Each structure stands twice: as structure tokens, then as C-alpha cells.
Amino acid sequence: QNGYEFVKANAVKTVLLVARWDYYVDGANKREESLNNISDESLQFGDISQTRQVYNEGAKRTFEAYRALGVKVVVALQVPHQNIHVNIFLEELMKVKNFEERRRKFSEATFKAVTRDEHLERQKIASSVWKELADTYNENELVVIDPTDDFCGADKCKFVVENFSVYTDSNHASEQGYDRLETKFVKALGL
């Protein structure tokens with residue numbers, strides 16, 4: 001609400017929404033916290049369908065409120081959520097003294113990465129409302145940035161590459177990781 005009031009009072013023309021969207025539907029590890037963040041008095045813990053309904057309605061209401069102000073909304077969908085803590089993996093890797101052993105462990109990282117299918121399945125519910133809205137409205141009103149193709153190959157979503165880590169932990173991309181989306185952000189924000 002505070003963000004909305006700021007946008008309204010300052011005639012902001014474009015709003016960028018970024019979140020760990022699955023946190024609000026059922027992908028979060030801290031389920032009770034996620035429900036508290038979006039619930040109304042009638043929402044009962046454990047009722048996933050109701051949680052998802054509240055999320056979908058909230059997303060639509062948010063978009064429509066900004067749209068009514070003539071504000072363009074840019075939504076960045078969630079980067080793939082890795083199954084391991086990347087920072088811990090890298091710390092352990094740096095402790096290995098033997099170069100060949102370190103190289104072997106690094107090459108094993110590919111097998112530890114989340115698969116593209118796992119990522120898409122995890123994000124399906126949280127992303128669907130934004131994708132449906134994007135299909136309905138034009139790019140002057142709503143742009144949805146989907147990082148899947150930029151972070152995932154045909155099978156895996158690597159968390160490290162030869163020269164850098166794509167993540168800082170399990171679900172936050174590094175600066176170099178987000179650089180992969182620069183062109184999409186520049187276009188969406190009209191820069």
C-alpha cells in the first residue's frame with residue numbers, strides 16, 4: 001500500500017515488481033510465515049487452495065490498481081530456486097587443496113543444479129496469474145520478465161559456470177546472474 005501511495009503521489013510511470021513469488025502460494029519452506037504475509041482473517045492455515053486464491057486475487061488487484069493510475073507494471077518472475085545453498089558449496093569447494101579434486105567437485109555441480117522441469121513445476125502456480133494477465137494486456141501496461149531461458153539450459157539450471165557463480169545462495173542470483181536479464185529489463189523499462 002505504501003508503494004502504491006508513493007507511485008500515485010509522485011506520478012511514477014513504471015513500477016517493477018520482484019518477489020519470491022512461490023513464497024506466497026506453497027513453495028516456501030516457512031509455510032506459516034508465507035500464509036501470514038498474504039492472509040486475511042478468513043484464511044485458514046493448511047488450506048492451500050484458499051492461499052492460492054488470495055494470491056491470484058491479490059496479484060490481479062495490484063495490477064489493476066496500478067493500471068487505473070496509468071502506470072506500466074513490469075513483473076520479474078522468480079529465478080530458478082536451487083536445491084542447495086550455493087554459497088556453502090563454494091566455501092566447501094575453496095577448502096579443497098588438491099586442484100584435480102577441486103575440479104572434479106566443480107564439475108559435479110552440474111548434477112546438483114535444479115532441473116528446468118523442477119523449476120517450471122515449482123513456479124507454475126505463482127507465475128500463471130502474471131502470464132495470464134500478460135496475455136490479456138499489451139506491453140504498454142504489463143511486461144512479464146521470465147528468467148527461465150536465461151538461467152536454464154534444456155535440462156539444468158546451472159548455479160555456477162567456469163568464471164563465476166550465478167547465485168549468492170539458493171534463490172538469489174548474483175550480480176553476474178542478473179546481468180543475463182539486462183537486455184530484458186532495458187527493453188521493459190524503456191531505457
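Contact here means heavy atoms within 4.5 Å. With that in hand, here are some close-ups of this predicted model.

**Figure 1. Val 71 and its company in the loop before β2.** Val 71 sits in the loop that joins α3 (48-68) to β2 (72-76). Leave out the neighbours within four places in sequence, and Val 71 is still in contact with Val 7, Val 12, Lys 13, Thr 14, Val 15, Tyr 66 and Glu 141. Take Val 15 from that set: its C-alpha atom is 7.0 Å from that of Val 71, though the two positions lie 56 residues apart along the chain. Is Val 71 buried or exposed? It's buried, because its relative accessible area is 5%, and the cut-off for buried is under 20%.

**Figure 2. The whole chain, for orientation, with its 9 helices and 5 strands.** Walk along the sequence and the elements come up as α-β-α-α-β-α-α-β-α-β-α-β-α-α. The protein chain has 191 residues, and 38% of them count as buried. Now take the contacts between residues at least 6 apart in sequence: 74% of these join residues at least 24 apart.

**Figure 3. Ala 11, a residue with positive phi.** Look between α1 (2-9) and β1 (14-18) and you'll find Ala 11 in the loop. Its phi is near 50°, a positive value, and the residue isn't a glycine.

**Figure 4. Ser 165 in the loop between β5 and α8.** This loop runs from β5 (156-157) to α8 (175-179), and Ser 165 is part of it. With a relative accessibility of 14%, Ser 165 counts as buried. A polar atom of its side chain lies 2.5 Å from the backbone oxygen of Tyr 167. Beyond the neighbours within four places in sequence, Ser 165 is in contact with Val 86, Leu 90, Phe 159, Val 160, Ser 174 and Gln 176.

**Figure 5. Phe 89 and Phe 159, one of the aromatic pairs.** The structure holds 7 aromatic pairs. In this one, the ring centres of Phe 89 and Phe 159 are 5.3 Å apart and the planes meet at 85°, so the pair is edge-to-face. Which parts of the chain does the pair tie together? Phe 89 belongs to helix α4 (residues 86-95) and Phe 159 to the loop between β5 and α8, so the pair ties together parts 70 residues apart in sequence. Both Phe 89 and Phe 159 are buried.

**Figure 6. Phe 151 with Tyr 167 and Arg 180.** The rings of Phe 151 and Tyr 167 have centres 6.1 Å apart and planes at 65°, so this pair is edge-to-face. It links distant parts of the chain, with Phe 151 in helix α7 (residues 148-151) and Tyr 167 in the loop between β5 and α8, 16 residues apart. Phe 151 counts as buried at 2% relative accessibility, and Tyr 167 is buried with a relative accessible area of 2%. Arg 180 joins the scene too: it lies over the face of Phe 151, at 5.7 Å from the ring centre.

**Figure 7. An aromatic cluster of tyrosines.** Tyr 23, Tyr 24 and Tyr 55 form one aromatic cluster.

**Figure 8. Helix α6 and its bend at Lys 124.** Helix α6 (residues 116-136) is 21 residues in length, yet its end C-alpha atoms are only 26 Å apart, short of the 30 Å a straight helix would reach. At Lys 124, α6 bends by about 65°. Its buried residues are Arg 116, His 119, Gln 123, Ala 126, Ser 127, Val 129, Trp 130 and Leu 133.

**Figure 9. Asp 146 in the loop between β4 and α7.** Asp 146 has its place after β4 (142-145), in the loop to α7. It counts as partly exposed at 24% relative accessibility. What does the side chain of Asp 146 make a polar contact with? The partner is the side chain of Thr 148, at 2.7 Å. Not counting residues up to four places away in sequence, Asp 146 touches Leu 77, Lys 131 and Lys 184. The C-alpha atoms of Asp 146 and Lys 131 are separated by 9.3 Å, with the two residues 15 apart along the chain.

**Figure 10. Arg 20 and His 172, 152 residues apart along the chain.** Arg 20 is in the loop between β1 and α2 (31-38), and at 23% relative accessibility it counts as partly exposed. The C-alpha atoms of Arg 20 and His 172 are separated by 9.2 Å.

How values were computed: Residues numbered from 1 in each chain as written. Predicted model: local features only at pLDDT ≥ 70, side-chain atom pairs only at ≥ 80, totals over all residues. Heavy atoms only, no water. Helix = DSSP H or I, 4+ residues; strand = E, 2+ residues; numbered from the N terminus. Buried < 20%, exposed > 50% of the residue type's maximum accessible area, 1.4 Å probe, protein only. Polar contact = N/O pair within 3.5 Å; in protein donor to acceptor, adjacent residues only side chain to side chain. Phe/Tyr/Trp six-rings, centres within 6.5 Å; stacked < 30°, edge-to-face > 60°. Lys NZ or Arg CZ within 6 Å of the ring centre and 35° of its normal. Expected span 1.5 Å × (residues − 1). Bend = angle between axes of the 7 residues up to and from the residue.
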